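Grab a coffee and work through these exercises with the structure open beside you. Try each task before reading its solution.

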Amino acid sequence: MKKILIATHSEGKLQEYKSYLGQLNYEIVSLADLGVKDVSPEEGDTFLEVAQNKALFYSKFSKLPIVAEDSGLEIHALHGFPGVLSDRWMEGDASEKNLSIIKKMGGIPDRKAIFKAVLVYLHKKMCLSFEGQVSGEIAIKPEGVMGFGYDPIFYVPLKKRTMAQITLPEKNQISHRAQALQKLASYLRKYKPE
């Protein structure tokens, strides 16, 4: 069975990758499996640049093919904020960030937002990228206990629920990460890189 390194310290993201790529007959290896505690600096002005830099950073710890990602929330009325800064625009945990976003959105009728994900697949000297995005709205208040990050405040009109109220199998059909993973999976099935 081929191995693939998922370059994340997020258990939530890792579960999504395992749930999705496990069916491709790949053994998912995490940074924790390799004993890597180093955290890649978030460098770059776009999701793609940040993901590429993460892949290069973690490539020094393993010769395995690597998947690195950057993803985030873009809010239309806030001119795309927090965007690539989604994980680092303020100190605090996810729930504090969610409450702060809801406060920023107070009284704003346009609540349109998108979740974006860019995955980078780095193998030997080849670097490919795969993107996905899902449209939604910023909820009035956090709802749901599934998912992670901004999921409790990202309302999906199609599902009439927030991402944190959607089960993992459902999320794996519609999420930004799932869309990017579908593209990566199609590539891996077609080309079966050595």
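**Exercise 1. Start with R161: work out its burial class, then find its salt-bridge partner.**

Bear in mind that this is a predicted model.

Step 1. R161 has a relative accessible area of 26%, so it goes down as partly exposed. The cut-offs used here are under 20% for buried and over 50% for exposed.

Step 2. Now look for an acid. R161 pairs with E170 in a salt bridge, and their closest N and O atoms are 2.8 Å apart.

**Exercise 2. Take the salt bridge between D70 and K54 and say where its two ends sit.**

Step 1. Check the distance: the N to O value for D70 and K54 is 3.8 Å. The cut-off is 4 Å, so the pair counts.

Step 2. Place the residues. D70 belongs to strand β3 and K54 to helix α2, with their positions 16 residues apart, and the pair links distant parts of the chain.

Step 3. Buried or exposed? D70 has 4% relative accessibility and so counts as buried. K54 comes out at 10%, so K54 is buried too.

Step 4. Zoom out. D70 and K54 belong to a network of salt bridges with E42 and R88. The overall salt-bridge count is 12.

Step 5. Try another pair from the model. E143 and K141 meet at 3.9 Å, N to O. E143, at 34% relative accessibility, is partly exposed, and K141, at 47%, is partly exposed as well.

**Exercise 3. Which residues of α2 are buried, and how are they arranged around the helix?**

Step 1. Get the helix first. α2 covers residues 47-59, 13 in total, and spans 18 Å from first to last C-alpha, close to the 18 Å expected.

Step 2. List the buried ones: F47, V50, A51, K54, A55, F57 and Y58.

Step 3. Look down the axis. These residues fall within an arc of 165°, so they line one face of α2.

Step 4. See what they pack against: β3 (66-75) and β4 (112-123).

**Exercise 4. Do the same for α1, and check how the helix begins.**

Step 1. The buried residues of α1 (residues 11-21) are K13, L14, E16, Y17, Y20 and L21.

Step 2. Their arc around the axis is only 160°, so they sit on the same side of α1.

Step 3. Their cover includes strands β1, β2, β3 and β4, along with helices α4 and α5.

Step 4. At the start of α1, a side-chain oxygen of S10 comes to within 3.1 Å of the backbone nitrogen of K13.

**Exercise 5. Describe the largest nonpolar core, then look at H176.**

Step 1. This core has 20 residues, and the members that touch the most others are I4, I6, L21, V67, Y121, L184 and L188.

Step 2. Ask who supplies it. β1, α1, β2, β4 and α5 each give at least two residues, and α5 has the largest share, with 7.

Step 3. Another core lies apart from it, with 18 residues, among them M105, A113, I138 and I166.

Step 4. Follow I4. Beyond residues up to four places away in sequence, I4 touches Y26, E27, I28, V29, P65, V67, Y121 and L188.

Step 5. Finish with H176, which lies in α5. At 4% relative accessibility, H176 is buried. Setting aside neighbours within four places in sequence, H176 contacts S71, F115, K116, A117, G132, Q133 and V134.

Definitions and conventions:
Residues are numbered from 1 along each chain as its sequence is written. This is a predicted model: local features need pLDDT of at least 70, side-chain atom pairs count only at pLDDT 80 or more; totals for chains, interfaces and linings use all residues. Side-chain values use heavy atoms; hydrogens and water are left out. Helices (H or I, at least four residues) and strands (E, at least two) are DSSP runs, numbered from the N terminus. The expected span of a helix is 1.5 Å times one less than its number of residues. Buried means under 20% relative accessible area, exposed over 50%, partly exposed in between (1.4 Å probe, protein chains only). The arc is that of the directions from the helix axis to the C-beta atoms. Contact means heavy atoms within 4.5 Å. A polar contact is a pair of N or O atoms within 3.5 Å; within protein, one must be able to donate a hydrogen and the other to accept it, and residues adjacent in sequence count only if both atoms are side-chain atoms. A nonpolar core is a set of buried Ala, Val, Leu, Ile, Met, Phe, Trp, Tyr and Cys residues joined through side-chain atoms within 4.5 Å. A salt bridge is a side-chain nitrogen of Lys or Arg within 4 Å of a carboxyl oxygen of Asp or Glu.
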